[in-house]
Amino acid sequence: MSDTTGAASPGRIVVDGRPIPYQAGDSVAVAVMRCGEHPKHGGTICLGGDCPNCSAIVDGVPYVRTCQTAATPGLVVRRHPAAGNPSFPAVAQPDITRSPVADHVDVRRETADIVVIGAGPSGAAAADAARAEGHEVMVLDARDSNEVVAIYGGPTVIVRRPNGMLHVHAHQVVVATGAAEIHPVCPGNNLRGIITARAAEQLHDAGVDLGNAVAIGTPPQGVPCTAVAGRIVRFEGTDTISAVVTMGDDGLEVTTPCITVIVGLGFAPRDMLSRMSGGLPVSVVGQAAEKFPLPPCPTAGTVCPCSRVEVEDLEGVWARGFHELELVKRASLCGTGTCQGGVCGPHLRSFVADRSGEVPEMFTARPASRQITLAEASADTYTDVFRRSPLHDEHLALGGQLDRFGGWWRPWNYGDHIAEYWAVREAVSLGDVSTLGKLVVSGPDAVELLERLYPTTVADIRPGRSRYVLLLNERGHLIDDGMICRETETRFVLTFTSGGAANAEMWVRDWAETWGLRVHVLDRTMSLAAINVTGPLASQLLQRVGLVDPPKFLQHRHDIVAGVPCHVMRLSFTGEASFELHHAVDRSVELWRALMEAGQDLGIKPHGLQALFGLRLEKGHVIVGMDSELDSTPRRLDMDWAVKMDKPDFLGKSALVRTAELPDHRRLFGFTMQGNAPTEGSPIWSDGNVVGHVASSFSSPLLGHAVMLGWLKHTPVPEQVQIDGRTASVAHPPFYDPEGRRARA
Amino acid sequence: MNEFVETLLEMQWHEPKSSYDVVIIGGGGHGLATAYYLATRHGITNVAVIEANYIGSGNSGRNTTIIRANYGIPESVRFYQHSLELYAGLEDETGCWIMHATKGLLWMAHTETGMRAERARALINTACGAETHVVGPQEIKQICPQIDLTGNGRYPVLGASYHVGAATARHDRVVWAYAQGAMQRGVTVLQHTKVTGLLRDGERVVGVQTDRGPISAGIVMSAVGGNVTKIAEHAEVRLPVRTHALQAFVTNAYGLDFPGIISDSELSCYVSQTPRGQMLIGAEFEPQPSYSMQSTFNSLASCAKKITNCLPFLRDLRVLRQWTGICDVSADFSPIMGFTGVDGFVISTGWGTWGFKGIPAGGEQMAELIATGKTPDLIAPFALDRFANDHSMADLGSAGTR
């Protein structure tokens, strides 16, 4: 069979800095050998894609099998170093503020009823038979530059091509990859000048002069050579072969001088793809499914050219008690290189069979059968999706430093978080809370659902009123928090944290279905934006833009603000009077700008998360996931006030009842300390022991000292602890406006 | 003979008996280390380790060989730091070359949230004995010049925690070091022997039933990985454990130029270079529970995508082999060690994706527990009853990136 992975027309490639001519039809390996060179530094050449002995650095990528690479004009080939590994590919990043430019790799995705891998006789027959049955068939052959990398679940066949990747989604796969030729294992098998019978045929067809060639075993067809009987004992020579020593049945060694030895030592199934696809609809036909006799047990020479394992290594491993194929492989590293046992597999099995008396199966095959680069593997893959609020560009225009938080891009600050803090405490400020989870739950069983979901009573929330709620799982651990706003007897708006929104929707829907309740759940997280107007002048600002009578604390209603229909919720996270304006996303920019404009003379500023985290910390408000842990019960958070244990039932109640009886040493406390805030996460020390850690900290501009929330995990609770080498006092939040007058003002 | 082979010690296989003082199910790192420490620290050598396949064939031979102690809670930092220190002395102790190399681990962050976590990690690690610093972009570039600080323009590197003592060791050789040391002292290792049930005398576990016959035991320990819930079921012990697949891959071998272990905590991927020069790359475990060891292209593609964000030179490296292990992940992402509430049956499980780094300390402490009948202080927080007592060891933040 001729190699069709070849050049279209003659040209030149550059090998180790030297231009080398090639002819039409040449692979890189053939072009190199045409010049009398070895693409590596020695070892048997098979030109079948089965071994590592022709791999080189091609256009900067090491470990490319040059027999599978067509020669193309200007291709730059460097040989691997004779000893040691190739070095890493160099990536130029002259300016560390800019990313290196990466080449693009195309991906095509196709479907086929049946994929046949291998276009040889058995593959062609399988393809014909499948077509005759009316199936859509795709034939992939490495010689047509379709290198099959692996068969994955689906089955999905991953194919490497010179111009990109092909992912084929098939119903069935037929592996017709044929057989690989056995390489000789004997002393001197690392020399140059050893080629397999098939390689000899290819080279001869390509017009490559094989010189004084000697054939051992089954001779190649149509290649002039001298056949020598017997089995190979060793190859002689330095670097290049000068003679081959054989032994016939008479037991006598015969030395035959030569520069090329053509070996026809038999075959082994090329079955890596079929061995890696257990459990998938994959069938194997032709030689790939055949059981060939194993070669004789090797006695000397290199067994595994990839990992440079000698027969004496196998013997050494066996002598040390590693008595099965997998252990021999792992201990000697035989079969763990580029060809993944393609060359050494039959010899390794023969070695183990000789000593154990049983012929072992080949070790497990895994991707990749043919190698791809990480760039080829990852082509057309996108992993980073972070949502943007409709106000994203407004934040950028105001100098906002955006960062990823809970799946969203959110403003961290607008350049000066302390100024933003003071705008909230003393004037009025806007915060983008579009990222909050927002669910509408309605229907005849809405109250029943919410009573079961939340540890708070829900039935007594009047329409137009709202309540802060915790969301617990069955273990009684906090998973989220938010507000319940009752609109009518049977309709509620629920809010959740930004990071918890996606899970909360599933949570609510799953339980509604589980309990078979008649409710309708509508997720409006993405369709509604929300702006938090907060600060002592918030009411005044809203009155300016048409909200004549802003709702009172914990009231909510639908109204028009600056011409935009809003669901206005009065609450407070910052500690100041706050109004969340929930509105359609397509009106958000308009509303934001109107508020900013109307508040200019009031000293309005937007605030980012950095200021918000400090503002809420002065109030002692917990942020789920920042202050709470995976197993935080309300008791541990000092939030038993948000749980009504006298309710008939709610998620987590039985766990809370049970764990209330258990000793518990974990509590979230407030702390105050002179000076600047310590790093969040700082250990809390008492008597030289770590007794907890700081969850959140803030240097309060108003109070002039550090305020913290932190975990103490040991009893008894000390009054004073050491943090950051300083003495801190245990204190009960809120640290600011403990009566909550400002939130209600 | 190459140095990998030359330096191997000999395995001394013993004929099986019908009864042992201790039977350990699972011939991976934890099972063999427990046997080793029973023999060396406590003189208990009438021990059998029963392995369904060959030793080290499970997760011990499938992990990414990283040894670190930079956890998020003091109990874990102390445990893994102890393990890290035992690892550092293991070659001297056993005479086996496990290819141990202290390399340092950079755990990079791209967001303020990520930096917050790394700052906290550095403080709590250092307070509990595992030296870890916060480093900025310039220091990162000095430690690892190959890093693109812009993160492909998408994930700029804001900083990292640098865990100084992190190391790697050749996984197989760790398994063999413990196996050889145990077998030298008379421990029996039975390969290709499947445990099909537990022998009971009333409530008490008194041995194991295997596909090669019953074996009685004074005490039975499960050191099984991947299928532990099935073994525990035989003792009617319910475990808060789910089994998930974890995939990794390795490239061809290159020059030994890559410094340390680089981990991306927010993208959950990491890379180190093996002593042979291969780049060993992994990600987090698959989200859905499964016992399947089938590798997926999606995992390879997404992991390759993530790791090349900050390490663009990896783009031109070729993938040699991709594989999958199955990990027992506990409800709080911390291991479970100790008594089970069933007499004669102790357990070491829940090792998730961090079992390799816990092998020496896990083995040493479980050996002490078996020998003395008392739970050592270091592993007391990891007892199974912590779930019933609502004292979980939640540490999700440290689990993502091995």
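The following exercises treat one sheet of chain A and the overall form of chain B in a predicted model.

Residues are numbered from 1 along each chain as written, with chains lettered from A and ligands numbered from 1 in the order of writing. Local features require pLDDT of at least 70 and side-chain atom pairs pLDDT 80 or more, whereas totals for chains, interfaces and linings use all residues.

**Exercise 1.** Determine the strand order of the open four-stranded sheet in chain A, and what packs on it.

*Solution.* Strands are DSSP runs of E with at least two residues, and helices are runs of H or I with at least four, numbered from the N terminus. Two strands pair if DSSP finds at least two bridges between them.

1. The order is β12-β18-β13-β14 (chain A), with parallel pairing.
2. The edge strands, each pairing on one side only, are β12 (194-196) and β14 (226-228) of chain A.
3. Strand β13 (residues 213-217) of chain A joins β14(A) through three bridges in the parallel sense; A:Val214 stands opposite A:Thr226 of β14(A).
4. Helix α3 (residues 197-205) of chain A packs on the sheet, touching β12 and β18 (260-264) of chain A. Contact requires C-beta atoms, placed from the backbone, within 7 Å.

**Exercise 2.** Assess how the radius of gyration of chain B compares with that of a compact globule.

*Solution.*

1. The radius of gyration is taken over C-alpha atoms, and the globule rule is 2.2 Å times the number of residues to the power 0.38.
2. For 402 residues the rule gives a value near 21 Å; chain B has 21 Å, which agrees.
3. The C-alpha trace of chain B spans about 65 × 55 × 40 Å along its principal axes.
4. Chain B contains 11 helices and 19 strands.

Technical notes:
Contact = placed C-beta atoms within 7 Å. Axes fitted to C-alpha atoms, helices over the stretch in contact; angles between N-to-C directions.
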